[in-house]
Amino acid sequence: MSTGHISAFEATRLLAGARLGRRGPLYLVHALTARCNARCGFCAWNPDFYDPKDQLPTEEIEQLYTDARREGFLGVSVWGGEPLLHKDFERIMRHAKGLGLITNMVTNGFLLERKLDSVLPYVDRLCISLDHPSAEHDTMRKIPGLFDRIVSATQEVRRRDPKRPIVFICTLQKANVHPDIIREMAELMRSLGVLGIFNGMREEVASDTDVTIDQYAAPQEELSLAFRTVADLKRRGYPILNSHTHLDMMAAGPPVYRCHWPKLMLPIEANGDVVDCMHWGTRPVGNLRETPLPEILKHPRLAELRGEVGEGCHECVSVHRVEISEVWEGNLEPARSWGQLRRSSRSGATRSVAKSPGQVRRLSILG
């Protein structure tokens with residue numbers, strides 16, 4: 001087991017092995033906790049779906065990461081719920097970093113500035129969910145003051161560590177799909193020196209859950225215009241991480257592609273369920289409390305998802321699933337967009353503008 005940082009040689013060797021079908025996934029997508037301080041109406045990850053009390057104990061999470069590293073995993077992305085609500089967040093991320101894993105965190109940002117001392121030493125990349133360039137975001141996520149906290153935390157990260165990659169993730173829906181709002185989002189991203197990702201909405205769980213996106217998802221014609229707007233902004237030099245491949249596919253309608261995401265990514269829920277991504281939340285492959293990770297990795301269902309069964313699915317519309325699959329098929333255009341992460345890190349986000357939350361421009365009218 002390596003205890004240092006992952007070398008370019010090791011990463012290349014493992015990726016080549018995955019490409020040739022000689023090994024399984026290389027990256028954990030771990031819901032660190034089901035607890036969340038937001039109540040987003042379109043989100044299935046709430047206390048009614050996963051009981052926060054059932055989350056893995058800290059010691060078992062550390063064992064999971066140790067086993068993953070021994071099995072050749074390159075990194076872990078923690079989310080939730082809200083990962084910063086986990087009482088042992090710093091301990092867990094210190095352990096991951098000590099193993100040499102690349103670390104990523106997806107957060108709603110409310111607690112970020114308060115917990116930066118626990119985040120910055122151990123998290124390589126910060127992803128912050130932001131759906132509107134104003135306090136309207138607070139209404140959408142049902143957390144008063146959230147927008148201002150995100151802006152303030154982003155500015156503080158930039159002050160402490162100008163080279164830290166920060167990505168705002170915007171989920172396009174009825175409340176923010178208007179081109180004027182998207183342009184304002186792009187302006188905010190540029191002013192703060194962050195990259196942006198624009199995602200469509202999708203059903204993430206099987207139909208027996210009460211959660212539905214119908215009341216939030218924008219009509220296809222509005223969504224198409226939105227993604228054409230994002231593509232135009234990217235061509236004009238705004239810091240948008242989506243590839244033109246993804247943007248063009250989303251503008252044309254729900255994307256059709258051969259999915260290769262399970263070849264590289266292994267999603268795990270807070271309760272230890274190893275996810276069957278075609279039946280998210282309803283038919284887990286196994287549970288880490290009952291079966292250790294090395295054994296679960298041998299499960300025939302994971303092999304099916306890495307093979308023709310998984311390749312036949314294209315239900316997901318998110319950037320990383322579409323783009324990973326396209327690159328796997330030989331389309332390298334998304335990989336060139338990913339290079340923006342490295343370039344932004346080297347440049348130190350010198351274009352960021354120091355503004356207080358109250359000075360950031362807001363839209364006065366929704367839509």
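**Exercise 1. Find the loop that holds Gly81, then look at the peptide bond leading into this residue.**

Step 1: In this predicted model, locate strand β2 (75-79) and helix α3 (89-98); Gly81 sits in the loop between them.
Step 2: Now check the bond from Gly80 to Gly81. Its omega is near 15 degrees, making it a cis peptide bond.
Step 3: Set this beside the general pattern: most peptide bonds are trans.

**Exercise 2. Work out where Lys142 lies, and whether it is buried or exposed, or something in between.**

Step 1: Start from α5 (136-141) and α6 (146-160); the loop between these helices contains Lys142.
Step 2: Look at the backbone. Lys142 is not a glycine, yet its phi is positive, at about 60 degrees. As a rule, most residues other than glycine have a negative phi.
Step 3: Turn to the surface. Lys142 has 49% relative accessibility, so it counts as partly exposed; the exposed class begins over 50%.

**Exercise 3. List the buried residues of helix α9 and see what follows the helix.**

Step 1: Helix α9 covers residues 244-252, and its buried residues are Thr245, His246, Leu247, Met249, Met250 and Ala251.
Step 2: Use the helix rule: with 3.6 residues a turn, residues three or four places apart point the same way.
Step 3: Step past the end of α9 to Gly253, where phi is positive at about 135 degrees.

**Exercise 4. Which residues touch the most other members of the largest nonpolar core?**

Step 1: The largest nonpolar core has 94 residues, and the two to pick out are Tyr65 and Phe198.
Step 2: Follow Phe198 outward. Beyond its neighbours within four places in sequence, its contacts include Cys170, Leu172, Ile182, Met185, Phe227 and Val319. His246 is also one of the contacts of Phe198, and His246 is among the buried residues of α9.
Step 3: Apart from this core there is another, of 7 residues, including Cys127, Ile169, Leu195 and Ile197.
Step 4: Recall the general tendency: in soluble globular proteins, nonpolar side chains tend to be buried together.

**Exercise 5. Describe the whole protein, and say where the prediction deserves caution.**

Step 1: Count the elements: the protein has 15 helices and 9 strands.
Step 2: Of its 367 residues, 59% are buried.
Step 3: Check the confidence. The average pLDDT is 86, and 81% of the residues score at least 70. Residues 204-209, however, have a pLDDT below 50, with 11 contacts beyond near neighbours in sequence. Residues 350-367 also stay under 50, and the model gives them 43 contacts beyond four places in sequence.

Technical notes: Residues are numbered from 1 along each chain as its sequence is written. This is a predicted model: local features need pLDDT of at least 70, side-chain atom pairs count only at pLDDT 80 or more; totals for chains, interfaces and linings use all residues. Side-chain values use heavy atoms; hydrogens and water are left out. Helices (H or I, at least four residues) and strands (E, at least two) are DSSP runs, numbered from the N terminus. Buried means under 20% relative accessible area, exposed over 50%, partly exposed in between (1.4 Å probe, protein chains only). pLDDT is the predictor's confidence in each residue, from 0 to 100. Contact means heavy atoms within 4.5 Å. A nonpolar core is a set of buried Ala, Val, Leu, Ile, Met, Phe, Trp, Tyr and Cys residues joined through side-chain atoms within 4.5 Å.
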